[in-house]
Amino acid sequence: MKNLLISLLALTFCALAAQAQAPKVGWFIAPEVGGMFHEDHVGRVVGTSFGLTFFQNRLKVGVLGYGRSGPINPREFQVEAANGQTYRGSSTLTLRADHGIIGLLVAPTFKVGKVALDIPLVIGNMGAGFYFEGEDRNTPDGQRVSVWEDRMMDGRDAGFSILYEGGLRAFWPVKAEDIALGAGLHYSLTPGWSTYYDPEGGFYNQRLRFSLVVQFQSR
C-alpha cells in the first residue's frame, strides 16, 4: 500500500507538472455498479473512482476502489473443514465470499462523435476471502467469528494480492453538462492470490467484469 500511495503521488505530480502550460485541470467522481463473471455465476460489484483530469479531459488520474459485498451476493460455497475438524457439529463449512480492491487509475480518454471513450488501467492491492454466514456466525465459545474461520480453514480464510486491470468504457452525455452515463468491460489479474477454499487462486484471477457508471465531472 505504501508503494501504491508513493506511485499515485509521483504520477499526480508529473501530470500536474506537464499540465502547467494547459489551461485547466478538471475533476471527476464516478460511482459504479456491475458484476464479475465467475465460472458458474455473476458476482455483484459496487465501487467508485475519483481524481483529476488533464490536457482538456484527455487523461484521468485518480483512485479506483470496488468490491464484492456479502450482503448483496447470496451465493453460498461449501468446503470441508481443515484437518478433520468440525464446526457446530458438521465437518462441512457453508461460506460466502467477499473482496475489495483499491488501486491507482490512469485512463487515457478520447472522443468518437459525442461519445467519450476511456481506457482505465489500474494497478493496486486486492484482498478477498470466505466467511461464515447466518447462525454459523454465533461461535460455540463466544470467540470472534474470525478466529473460528481462521481455525477451520487452516489459517487461509482470506488472501491478498497485487491487482492489474485494464478495460474500455464509453460515456454518453446527458442534458446536464457535468454528468455522463457510462458502461465498461474490464479484465483483471490477481497473481498469487489463494485461500483454503480456492488454493489455485482462480476465483478472482483472469476475470472479466462489467461496470455501469454515473460520472460527475467538471465542465
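This note goes through one helix, the nonpolar cores and the largest pocket of a predicted model.

1. Basis. The model is predicted, and local features need pLDDT of at least 70, side-chain atom pairs count only at pLDDT 80 or more, and totals for chains, interfaces and linings use all residues. Residues are numbered from 1 along each chain as its sequence is written, and side-chain values use heavy atoms, with hydrogens and water left out.

2. Helix H2. In H2, residues 145-152 (a DSSP run of H or I, at least four residues, numbered from the N terminus, as strands are runs of E, at least two), Val145, Trp148, Glu149 and Met152 are buried, meaning under 20% relative accessible area with a 1.4 Å probe and protein chains only. These residues lie on the same side of H2 because they cover an arc of only 105 degrees around the axis, taken from the directions from the helix axis to the C-beta atoms. Their cover includes strands E5 (92-112) and E7 (121-132).

3. Nonpolar cores. The largest core (buried Ala, Val, Leu, Ile, Met, Phe, Trp, Tyr and Cys residues joined through side-chain atoms within 4.5 Å) has 30 residues, and Leu93, Phe132 and Tyr204 have the most contacts inside it. Its largest share, six residues, comes from E5. Beyond its neighbours within four places in sequence, Leu93 has contacts (heavy atoms within 4.5 Å) that include Phe77, Phe132 and Met152. A second, separate core of five residues includes Ala30, Ala116, Phe171 and Ala180.

Conventions
Buried means under 20% relative accessible area, exposed over 50%, partly exposed in between (1.4 Å probe, protein chains only).
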